[in-house]
Structure formats: C-alpha cells, structure tokens
There are 2 protein chains.
Amino acid sequence: MTAALELFEERGYDATTAAAIADRAGVTEMTFFRHFPSKDAVLIADPYDPLIADAIRRQPASRPALAAAIGGIAAAWTSVPAPVSAEVRARLRIVSRTPSLRGALARNSAQTEAAIAEALVDRGSSSSDGRIAASATLGALNSALLEWADGDEPDLGSAIDSALRVLAGGAS
Amino acid sequence: MTAALELFEERGYDATTAAAIADRAGVTEMTFFRHFPSKDAVLIADPYDPLIADAIRRQPASRPALAAAIGGIAAAWTSVPAPVSAEVRARLRIVSRTPSLRGALARNSAQTEAAIAEALVDRGSSSSDGRIAASATLGALNSALLEWADGDEPDLGSAIDSALRVLAGGAS
DNA sequence: AACAAAAAGTTAGTCGCTAACATTCACCGG
DNA sequence: CCGGTGAATGTTAGCGACTAACTTTTTGTT
C-alpha cells in the first residue's frame, strides 16, 4: 500500500502499473492482487458502512428520509479522529485528480448506499424512496469530500456540513 | 450497436466480449472501438446535457440550488418523446442488472454533473454548492431511472417525479 | 475515370486481472 | 531440534479491454 501511494504521487494513478507497485514493494504482481482485489482498491476502501447505518437508524422518526440520512452521516463522521482523516485525505486527493477513478468511487459507494437505504427503510421509508435518498446523499457527500481533499481547508467536518446544508435546501 | 444490445440481452454484459459484438456486426474488433470509445459507451450515452443546463438556467432565481436543479431536470424531461424513453429503458435495464456498469454510469454522469453545476453557478450559487447540488441531484435521478428501468411502470415522468419529491424533502 | 478523404482491416502490443499449480515460510506440537 | 501443516508467495499462462502504427479498401466528387 505504501509503495502504491508513493507511485501514485510520483507519476499519477494511470501511469502507475500494478507491476510497478509490486516491484517497488519487492513482490510479485500476483501477490499484489492477492492483497487488493483491484488496483483502485488501494485508494478506495471504507469500512464505515455499519457506523453510518446505525447512526441513521438512531435519527428521530419524524425526519423525512433525506434529512435522516444527512443527520446520520453527520453524526457518524464526528467519531472519526484527525489522524484518520489525514490519511483519507491523501487517498481522496489522488482520486479527485484522476477522472478514471470517479467510477470506482461510485462503484464502491454502492455498498454504503445499500446500507443507508436499508436503514432508511427500517425507519419507515419505502424502498424506492430509501434508495433515492441514499444515492442523493452519497452523491453530495462524495462530491464534498473530493472537494475537501483537493483544497486547503483542514476541517473535514465543515466540508461535510456544507454538503448537508445544500441537501437540506439552504443554499442558493 | 444493434449487435451489442442483442448480445447483452442474450448473454449478459460481462459475458459479451467486444470481439463477439464486432463479429456479429460483421466487423473487426478495432472497428468497434473506433465507433465506441469503450464497451460500456454502447449503453451509456446521453446527449441531453445542454438541454438540462438550459432548463436550469431558466429556473426562477429565488430557488435554492437544489430546488433549481430539480426543477430544471423535471422541465427538461418533459420534452423527451415516448419512443426515445423506450430505448433509454432497454439500455438502462441492462445497466441495472450489471453491477460492474454502475461505475460507468457515474463516470459518464460527470459531464452532466459539470454542466448542471455550471448552470447553478450562473444562477448565483458558489461553485462548491453548485457541485454538491449537482451530484446529489444526479445521484437521485440515476437511482430513480435505474429503478424505473427495472420495473414495470411505463411512465418515466413519474419516476423522475418521485426522485425529485425525495430530494425536496417530502418523503419519510 | 481519377483522386482525395473517410472508413475499415492488420498486426502487435500493454495493462488489469484470473486460474492452476508449485514453492517457500512460519509456526507449533512432539 | 525435527517434522509437518497451513498460509503466504512465486511461476506460468492466458483472457479481455483497449491503443498505436501502418495498410488497404470504400466512398463521394470532380
């Protein structure tokens, strides 16, 4: 993973072959793929799905689906410590600079999306509404995260806040 | 394109090689890639970006970003005739049944997203808010479209309506 | 009929990724 | 200290998406 991140920084993602990563790590290409299911998995991995889903389930029942998803995500992110967010940022910065990785990010978000949708259904949304709210929320969140990663502002929380503010309809 | 859609229906997307598509079309693999930049481009192509962007620019200035994006898309889709929507549906149905294509859909949406974001900025949004609202809207829209394509209900308009209703915060 | 431009073919290669099988390594009881 | 077992790693070979460089055919026009 270290080797991969170094190379991505040096030459960019697309110009880095899996073989080169393996080489720098002193390992075979096959070994690389045994540890990571794909080249993009080095950058895109988030184990936060259950946290988010739980936080959503704890949202007040009175809130509509979109608001509940928003509130849940905001709550979940408060538990992420600063050192972790620095790492997340380094990864996302590469993603934001590499158009070909946008698809990978979305594909990865599919699981998170399903988890959110399920949590919303548990709260009483229709499955259709749940899915829609989940994908809208994640779309906004990913967009805000990428922008945060690419900019200078250190605070992850405020990046998320601005995404949620827009979703809540408060932005002109 | 016809050859590709036939094969996707018969064997599924992943099980259809580019060579097989070219073969059925009576053409070389190279020729296929000269007409389509990638295998997934056969399914995912939408020339509606300018339409949507214009419709958004025509939204009342008083509306916040998200609401304007919603209203613009709804307005733009009313101009799509029924036969076109049948074709769109056939394509999207394959996308919805093929997880590996989800990323492709998102990658393709990037252009539409940029167009929407730009239109929102023209209306006075900050570029950050514009991007966020655009990606949320497209997330919701894509999600609703995929669900529509996979279901039985013929009316595309109402699928879009439900996406917009959720975005507007009216869904529990 | 001649010719320029556009489209299609040929060949060969890169890169991501997988399968099947062989090998080395690390740890653990005897 | 030995032997053995399971995990981690290596080897080879191959598929499929895609690209590059170059040649050939087709097409439309004068």
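This passage describes the pairing of chains A and B and one helix packing within chain A. The model is predicted.

Two copies of a chain are related by a rotation about an axis and a shift along it. Here, chain A superposes on chain B after a rotation of 180°. The shift along the axis is 0.0 Å, and the RMSD is 0.1 Å. This relation is therefore that of a two-fold axis. Both copies use the same surface, as 97% of the contact residues of chain A recur in chain B.

The contact draws 35 residues from chain A and 34 residues from chain B. On the side of chain A that touches chain B, α5 (65-77), α7 (102-122), α8 (127-150) and α9 (156-167) each supply at least two residues. The most comes from α8(A), with 14 residues. By class, this side of chain A holds 18 nonpolar, 12 polar and 5 charged residues.

Within chain A, α8(A) also packs with helix α6 (residues 82-96). The angle is about 100°, and the axes lie 8 Å apart. Because angles of 65 to 115 degrees count as roughly perpendicular, α6(A) is roughly perpendicular to α8(A). From α6(A), the residues involved are A:Arg89, A:Leu92, A:Arg93, A:Val95 and A:Ser96. They meet A:Leu145, A:Leu146, A:Ala149 and A:Asp150 in α8(A). The residues of this contact between α6(A) and α8(A) divide into 5 nonpolar, 1 polar and 3 charged.

Definitions and conventions. Residues are numbered from 1 along each chain as its sequence is written. Chains are lettered from A and ligands numbered from 1 in the order in which they are written. This is a predicted model: local features need pLDDT of at least 70, side-chain atom pairs count only at pLDDT 80 or more; totals for chains, interfaces and linings use all residues. Copies are superposed by least squares on the C-alpha atoms of residues with pLDDT of at least 70 in both. Two residues are in contact if their C-beta atoms, placed from the backbone, lie within 7 Å. Helices (H or I, at least four residues) and strands (E, at least two) are DSSP runs, numbered from the N terminus. Ala, Val, Leu, Ile, Met, Phe, Trp, Tyr, Cys and Pro count as nonpolar, Asp, Glu, Lys and Arg as charged, and the others, Gly among them, as polar. Axes are lines fitted to C-alpha atoms, for helices over the stretch in contact, and angles run from 0 to 180 degrees between N-to-C directions. Angles under 35 degrees count as roughly parallel, over 145 as roughly antiparallel, 65 to 115 as roughly perpendicular and the rest as oblique.
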